[in-house]
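Please open the structure in your viewer and keep the selection panel at hand. The tour below proceeds stop by stop, with a selection to make at each one.

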Amino acid sequence: MPELPEVEIAARNLRRWAAGRRIERVETDPRARRIFRPATPAALSRALTGARVEEIGRAGKNLLLRLDRGGTPLGLHSHLGMTGKWIRREAGAAPPSHSRVRLALDDGAVLHYRDPRLFGRLRLVPGARFDAVPEVAALGPDPLAGPLDVGRLADALARSRLPVKVRIMDQRVLAGVGNIYASEACFRARIDPRRKARSLERAEVRRLARAVVAAMQEGIERQEGPEIAYVEEGGENPFLVYAREGERCPRGDGGRIRRLVQAQRSTYFCARCQR
DNA sequence: ACCCGTGTTCGCTG
DNA sequence: TCAGCGAACACGGG
């Protein structure tokens, strides 16, 4: 389930599970070649076996693992795509379905990278120089890495004729915003997602920036909190408007949530309160 | 069977 | 040259 909040939870999990641990064994699913960069399972296995996990960082939707191979730094860049997830299992436990990579750690646990659709990516980064990875270098500001620069966001919006909801999903504009949180942020900011990005006034840009941060923070708290058990799959839809077509607007203004398609993705909004 | 999907990249077009 | 568009990737679930 990866947008910024889910990737942040994955980073926190990996810190608890793997920081300071040594990777003793690596297994890969041969069908999963396409997620590897470079694309050979053998190269991935050779590089990671024996390495120690030092730090786990996050930039937008990207997980950045800093490893140590006998004094030489090595980076592992993990992008979860649509369906990627890191899962911990005790030694000998049955693997989850679609486990594509298994990292056996020195405490006996096994980290599984599960990814049914294979849209994720795992990339070795020599010297842990993540700024040399083009997709990472091109990222815009991360909404949780310090206060967002409203002027910079306004500039990025002013240069586009795209609908604002589509524009804020561009990772060069805001790192970590995906399809769900783009709808949620527009709703919180009371901005119509169909508006051209360049049409927003400065005050609206400020509202949008705050709305993005608030939506992300709530998403993280929801998944990190003690109620994890029933937020897991099968629970209620935790979002304000996403996937709520036809329901009443949560602001109680009498509007109904509408669905439309923008840039081949579903958008949800209330045309009554979002202008 | 058919449609939909929390993401990104690539090739084409104007 | 570049912003924008639509297809493609691959598979499960409703």
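Which residue stands opposite F36 in β9? Select F36 together with L122: L122 is the residue in β9 that F36 faces. Please bear in mind throughout that this is a predicted model.

**Stop 1: the strands around β9**

Extend the selection to strand β2, residues 36-37, and strand β9, residues 121-126; these two run parallel and are joined by two bridges. Next, add strand β5, residues 72-79, which pairs with β9 in the antiparallel sense over six bridges. Within this pairing, S78 has L122 as its bridge partner in β9. L122 thus appears in both pairings, opposite F36 and as the partner of S78.

**Stop 2: the nonpolar cores**

Now select L157, I168, L174, V177 and L208. These residues have the most contacts inside the largest nonpolar core, which has 33 residues. The elements that contribute two or more residues to this core are α1 (4-18), α4 (150-158), α6 (179-188) and α7 (202-224). Of these, α7 supplies the largest share, nine residues.

Centre the view on I168. Apart from its neighbours within four places in sequence, I168 is in contact with L157, L174, V177, A182, C186 and L208.

For a second, separate core, select V26, I35, L67 and L111, which are among its 32 residues.

**Stop 3: P141**

Move to the loop between α3 (134-137) and α4, where P141 is found. Is P141 buried or partly exposed? P141 counts as partly exposed because its relative accessibility is 22%. Leaving out residues up to four places away in sequence, P141 touches L148, R152, V173, L174 and A175. A distance label between the C-alpha atoms of P141 and R37 should read 25 Å; the two residues are 104 residues apart along the chain.

**Stop 4: DNA strand C**

Finally, display DNA strand C and select the residues around it: R31, R34, H98, P116, R117, L118, F119, S160, R161, L162 and Q264. Colouring this surface by residue class gives four nonpolar, three polar and four charged residues. On the DNA side, sugar and phosphate make up 58% of the strand C atoms that come within 4 Å of the protein.

Three approaches to phosphate oxygens of DNA strand C may be inspected in turn:

- H98: a polar side-chain atom lies 3.0 Å from a phosphate oxygen.
- S160: an N or O atom in the side chain is 3.5 Å from a phosphate oxygen.
- R161: a polar backbone atom is 2.9 Å from a phosphate oxygen.

Conventions:
Residues numbered from 1 in each chain as written. Chains lettered and ligands numbered in written order. Predicted model: local features only at pLDDT ≥ 70, side-chain atom pairs only at ≥ 80, totals over all residues. Heavy atoms only, no water. Core = buried A, V, L, I, M, F, W, Y, C linked by side-chain atoms within 4.5 Å. Buried < 20%, exposed > 50% of the residue type's maximum accessible area, 1.4 Å probe, protein only. Helix = DSSP H or I, 4+ residues; strand = E, 2+ residues; numbered from the N terminus. Contact = heavy atoms within 4.5 Å. Near = heavy atom within 4 Å. Polar contact = N/O pair within 3.5 Å; in protein donor to acceptor, adjacent residues only side chain to side chain. Nonpolar A, V, L, I, M, F, W, Y, C, P; charged D, E, K, R; others polar. Pairing = 2+ DSSP bridges.
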